[in-house]
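Visitor: I would ask for a close look at a single part of this protein, set in the context of the whole chain. Please give the criteria behind each term as it arises.

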Amino acid sequence: MSVVALLSVAPVVEDSMAAEVANAVAALDEFDVSYETNPMGTVIEADDIDTLLAAVGAAHKAVDADRVSTFLKIDDKRTRDQRASEKVAAVERELGREARRER
C-alpha cells in the first residue's frame, strides 16, 4: 500500500514564511517518507497512513509561530501500490495523446 498526500504548513504572518516552511519540510526527514516540495506545498509518500500522519504532525509542530495553518489532502489507495510519479506519468501520457490528436 502507498499513501500520497499534499501538505502545506505555514505560519500566519505577513513577512516571509520561507524559514518556517523550511523547518516544516526538514521535520519530514525524521520519518520513512519521500517528499517533493513545490511552490504550493509538499507532496509526501509513505507506505502507510500512520507513518504519513506522524510525519505531518511533526511538520506542523516544527513551525514556530503564534498561529499555524496546515492543509492536508490524502490519497490512500488501498487496492494497489501507486506512487506519485506514476500519477504524474499517467497525466503526461494523456497530454502526449492530446498533442498527437491536435496535429
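Guide: The account below begins with the whole protein and then turns to one strand and its partners.

This is a predicted model, in which local features need pLDDT of at least 70 and side-chain atom pairs count only at pLDDT 80 or more, while totals for chains, interfaces and linings use all residues. Residues are numbered from 1 along each chain as its sequence is written, and side-chain values use heavy atoms, with hydrogens and water left out.

The protein contains three helices and four strands, where helices (H or I, at least four residues) and strands (E, at least two) are DSSP runs numbered from the N terminus. Their order from the N terminus is β-α-β-β-α-β-α. The radius of gyration is 16 Å, well over the 13 Å that the globule rule gives for 103 residues, so the protein is more spread out than a compact globule. That radius is taken over C-alpha atoms, and the rule is 2.2 Å times the number of residues to the power 0.38. Along the principal axes, the C-alpha atoms fill a box of roughly 55 × 30 × 20 Å.

Of the 103 residues, 25% are buried; buried means under 20% relative accessible area, exposed over 50%, and partly exposed in between, with a 1.4 Å probe and protein chains only. Contacts (heavy atoms within 4.5 Å) with a separation of 6 or more come to 70% from residues 24 or more positions apart.

The part chosen for the close look is strand E1, residues 2–11, which is mostly covered, with eight of its ten residues buried. E1 pairs with strand E4 (residues 68–77) in the antiparallel sense over ten bridges; two strands pair if DSSP finds at least two bridges between them. Within this pairing, Val-3 stands opposite Asp-76 in E4. E1 also pairs in the antiparallel sense with strand E3 (residues 41–46), over five bridges, and here Ala-5 is placed opposite Ile-44 in E3. In a regular strand the side chains alternate between the two faces of the sheet.

Strand E2, residues 33–38, includes Glu-36. With a relative accessibility of 58%, Glu-36 counts as exposed. Setting aside residues up to four places away in sequence, Glu-36 touches Gly-41, Thr-42 and Val-43. Glu-36 and Lys-87 are 51 residues apart in sequence, and their C-alpha atoms are 14 Å apart in space.
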